[in-house]
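Biologist: I should like to learn how the features of a structural model are read. Please take me through them one at a time.

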Protein chains: 2
Amino acid sequence: MSDSTKPFRIGIAGLGTVGCGVVKVFQRNTDVITTRSSRDIEIISVIAANKNQERGVDLSKYEWASSLSDMAQDKRLDAVVEMIGGSDGQAKDFIIEAIKNGKHIVTANKALLAHHGFELSKLAEDNNVSITYEAAVAGGIPIIKTLREGLAANKITTVYGILNGTCNYILSKMRETERSFDDVLKEAQEKGFAEADPSFDVDGIDAAHKLVLLGALAFGVKPDFKSLEIEGISHVTMRDIKHADDLGYRIKLIGMVQRDGDSVVQTMAPCFVPKNGAMGSVEGAYNAVMTQGDFSDETFIVGQGAGEEPTASSVVADIIDLAKGNYLPTFGVKVKELDKVEWQGTETLNCQCYIHLHVKDVPGVIADITACLKDKNVSIDSFIQKGHEEDGTASVAIITHSTHFKKVQNAINSVRELSSVLDKPTLMRIEDI
Amino acid sequence: MSDSTKPFRIGIAGLGTVGCGVVKVFQRNTDVITTRSSRDIEIISVIAANKNQERGVDLSKYEWASSLSDMAQDKRLDAVVEMIGGSDGQAKDFIIEAIKNGKHIVTANKALLAHHGFELSKLAEDNNVSITYEAAVAGGIPIIKTLREGLAANKITTVYGILNGTCNYILSKMRETERSFDDVLKEAQEKGFAEADPSFDVDGIDAAHKLVLLGALAFGVKPDFKSLEIEGISHVTMRDIKHADDLGYRIKLIGMVQRDGDSVVQTMAPCFVPKNGAMGSVEGAYNAVMTQGDFSDETFIVGQGAGEEPTASSVVADIIDLAKGNYLPTFGVKVKELDKVEWQGTETLNCQCYIHLHVKDVPGVIADITACLKDKNVSIDSFIQKGHEEDGTASVAIITHSTHFKKVQNAINSVRELSSVLDKPTLMRIEDI
């Protein structure tokens with residue numbers, strides 16, 4: 001219930017898919033946006049690299065800003081919507097200039113915030129403005145609001161997420177169609193579900209940027225991208241997916257950030273999850289986030305992880321919040337209150353693991369492998385070897401009991417040195433979510 | 001980022017499970033609550049019917065208010081937390097007096113708001129205070145915030161919910177253990193999962209109160225309890241549950257509120273949902289809400305639907321919001337902006353249906369039944385009759401194609417009149433969610 005009767009005025013920088021989506025939301029839902037904001041919200045100006053491109057949306061009512069810098073300095077604007085993208089360069093310069101000119105920031109730029117979120121949050125606080133970024137994580141899912149406000153009474157212990165729709169689509173499609181990663185990726189690119197250069201998605205970087213923001217918010221800490229261990233999905237084989245299925249699991253690219261006292265572990269990696277569990281049921285381009293709070297217990301949210309309309313829905317929710325005067329610190333608490341934690345590596349985790357080995361089908365190989373595991377104190381829950389290949393090799397899948405991940409990593413290092421073990425072993429955590 | 005440096009002061013009226021849970025959240029999580037609120041929040045006073053009862057929580061630091069009225073008038077308090085319960089009487093009088101004395105209201109009282117929410121929202125607006133009720137719907141799930149703020153950019157078309165943990169527990173347990181409703185209910189009562197008088201839960205009233213609030217928020221309309229058709233779960237039989245399973249479904253008590261133009265339909269009834277779908281996977285005491293927005297598409301949230309700690313988590317989230325100055329109209333928009341809609345009955349819905357008939361196993365019975373359906377223009381998707389009982393009767397399950405619910409209701413009325421049809425036929429909607 002902001003008392004302001006003046007319109008809330010914004011400028012939009014960047015008119016790609018999401019930028020245009022934002023314009024469409026305002027044009028189509030003016031009525032609900034106005035009543036929910038209790039005031040008018042006006043798009044004053046827009047700007048993008050190419051003015052004359054056909055975008056399928058009517059921009060004629062808005063001024064075309066003469067430069068990013070002009071928009072950042074425009075005294076009429078209460079907030080700017082940064083839809084330029086990129087962790088540095090234009091987007092960063094524009095945001096800094098806009099903050100210094102007293103404008104609130106609405107952005108979907110996870111890369112920028114994952115790398116420079118702390119500095120920007122300080123700058124925003126010094127200038128009494130807010131940085132909002134609901135659209136930066138999990139598209140249309142209001143997970144930032146859920147963590148920053150809805151679960152604010154809780155000490156969060158863990159956040160899990162399926163945070164990249166392209167990876168989840170590829171893994172789902174591989175399983176359904178029994179085709180290879182490369183094959184499914186190619187089809188996804190042809191259909192426009194994956195970028196021409198897919199590395200940002202399939203190497204886990206995009207999901208990692210999002211996870212870092214969730215961790216910072218959940219625990220009220222500085223985002224720390226460099227301490228995050230990241231593994232993508234390009235090495236996941238149809239054989240792993242079939243083993244998972246046989247054992248009651250699915251493979252998902254799972255981000256996890258977990259706090260125990262002052263220790264925090266962040267990881268982004270393909271994991272086994274129960275096929276009938278919450279995360280295992282999330283298929284295709286959907287995203288999902290599960291939080292564990294000390295009072296709320298588990299909260300699980302699923303929704304569209306990307307796309308023009310869901311992402312624009314989140315951008316506009318942020319704008320409405322700002323118009324209503326709901327200004328919040330970037331990471332949920334003021335900069336001076338950000339907590340100090342020790343970032344730990346994944347070796348400190350306790351979990352069950354999946355191991356896949358490609359071995360020569362010779363006498364004694366199983367004995368050698370199990371001896372390596374025993375030697376490192378890793379005990380075996382399940383062991384599958386189904387026959388052998390024509391080339392005299394065999395595929396071995398092992399599920400360990402829950403143990404220190406470090407021990408399993410050590411055991412794998414020993415196993416690798418066995419002359420009967422071909423290729424690099426596959427190791428994935430099993431998360432019971 | 002409220003600028004207020006004064007503590008935010010509250011009184012808590014009602015010290016049952018949730019009221020004591022709220023005190024525990026403040027005692028255990030003072031640090032995160034203070035930093036996220038950017039100010040101290042102080043419990044000044046408490047009150048309950050019995051002062052001397054042992055509650056397992058230390059109340060010695062708080063004043064014991066001399067009466068509800070004294071607390072409502074206490075000039076030191078910024079907000080009162082109403083945990084008394086009941087749709088009328090003390091709770092209502094207390095809230096009205098507190099609002100008139102300029103206090104924000106935090107409540108978990110769905111019955112009160114479902115029946116008197118409109119009048120109270122007007123009173124709150126006139127007195128410049130907020131009524132918050134995150135804990136009133138779906139326990140620890142921040143669904144009020146999600147609808148009121150997270151999805152604020154959207155025109156919501158439908159909200160579905162599993163909103164009563166007791167019902168969902170009973171239906172899950174019946175399926176798992178193949179026991180009758182009465183049997184499982186008795187066990188649930190013994191374990192404390194169901195009340196001694198379970199009618200509020202199993203007749204769907206509690207869930208209906210919650211659904212009415214979700215509908216009011218989703219569409220920005222007056223809550224309208226009387227237009228809601230409510231059917232409980234006490235008539236659901238093991239046979240229905242088995243038929244559902246055979247056909248790929250589970251039975252859940254599903255609340256649905258759906259808007260099409262100016263028409264809104266509200267219903268609370270046991271429905272068939274796909275067993276591998278989002279709602280079908282929600283088992284035990286969990287609650288779940290699915291929203292469909294024009295931009296956000298589907299958003300699905302699952303979490304603890306009740307219990308001291310999850311519900312208290314939601315109460316305290318509201319208090320933090322108020323402490324930060326995030327004041328919102330009760331139903332998302334100001335009273336004068338509430339939309340006018342036409343409340344329609346379920347007969348206007350289009351859906352597939354499940355019909356169960358208990359019939360005499362005599363020649364021509366199937367022909368008679370199918371003729372009734374044909375006569376009312378209801379076409380059959382699946383038809384199951386597996387043998388017959390020793391008493392010369394048989395059980396027939398029918399799944400219709402998607403059609404007007406009214407047509408199926410009419411067909412059922414004709415079928416009932418057949419002399420070969422014993423007992424009252426069972427009719428449930430099938431919702432593909």
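Biologist: How many residues does each chain give to the contact between chain A and chain B?

Modeller: Two residues are in contact if their C-beta atoms, placed from the backbone, lie within 7 Å. Here 49 residues come from chain A and 49 residues from chain B. On the side of chain A that touches chain B, the elements giving two or more residues are helix 2 (30–37), helix 6 (143–150), strand 12 (297–304) and helix 12 (308–323) of chain A. Helices (H or I, at least four residues) and strands (E, at least two) are DSSP runs, numbered from the N terminus. The residues on that side of chain A comprise 22 nonpolar, 17 polar and ten charged. In this scheme Ala, Val, Leu, Ile, Met, Phe, Trp, Tyr, Cys and Pro count as nonpolar, Asp, Glu, Lys and Arg as charged, and the others, Gly among them, as polar.

This is a predicted model, in which local features need pLDDT of at least 70 and side-chain atom pairs count only at pLDDT 80 or more, while totals for chains, interfaces and linings use all residues. Residues are numbered from 1 along each chain as its sequence is written, and chains are lettered from A and ligands numbered from 1 in the order in which they are written.

Biologist: Which strand of chain B is joined to strand 12 of chain A?

Modeller: Two strands pair if DSSP finds at least two bridges between them. Strand 12 of chain A runs antiparallel to strand 12 (residues 297–304) of chain B, and five bridges join them. Within this pairing, A:I301 stands opposite B:I301.

Biologist: In what order do the six strands of the open sheet in chain B lie?

Modeller: The order is 3-2-1-4-5-6, with parallel pairing. At the edges are strand 3 (63–64) and strand 6 (131–132) of chain B, each of which pairs on one side only. Inside the sheet, strand 1 (residues 8–13) and strand 4 (residues 79–82) of chain B are parallel and joined by four bridges; B:A13 has B:E82 as its bridge partner in strand 4 of chain B.

Biologist: Why is strand 7 of chain B described as largely enclosed?

Modeller: A residue is buried if 20 or more other C-beta atoms lie within 10 Å of its own, exposed if 12 or fewer, and partly exposed in between, with C-beta atoms placed from the backbone. Strand 7 (residues 156–162) of chain B is largely enclosed by the rest of the structure because five of its seven residues are buried. Strand 7 pairs with strand 11 (residues 286–293) of chain B in the antiparallel sense over six bridges, and B:I156 is opposite B:G293 there. Four bridges also join strand 7 to strand 9 (residues 249–260) of chain B, again antiparallel, with B:V159 opposite B:V257.

Biologist: How is the packing of two helices described?

Modeller: The angle between their axes and the distance between the axes are given. For helix 13 (residues 365–375) and helix 14 (residues 405–416) of chain B, the axes come within 9 Å and cross at roughly 145°. Axes are lines fitted to C-alpha atoms, for helices over the stretch in contact, and angles run from 0 to 180 degrees between N-to-C directions. Helix 13 of chain B contributes B:I369, B:C372, B:L373 and B:D375 to the contact, and helix 14 of chain B contributes B:A411, B:S414 and B:V415.

Biologist: Where is B:E347 placed in chain B?

Modeller: B:E347 is in the loop between strand 13 (342–344) and strand 14 (350–360) of chain B. Beyond its neighbours within four places in sequence, B:E347 is in contact with B:F405, B:K406 and B:Q409.
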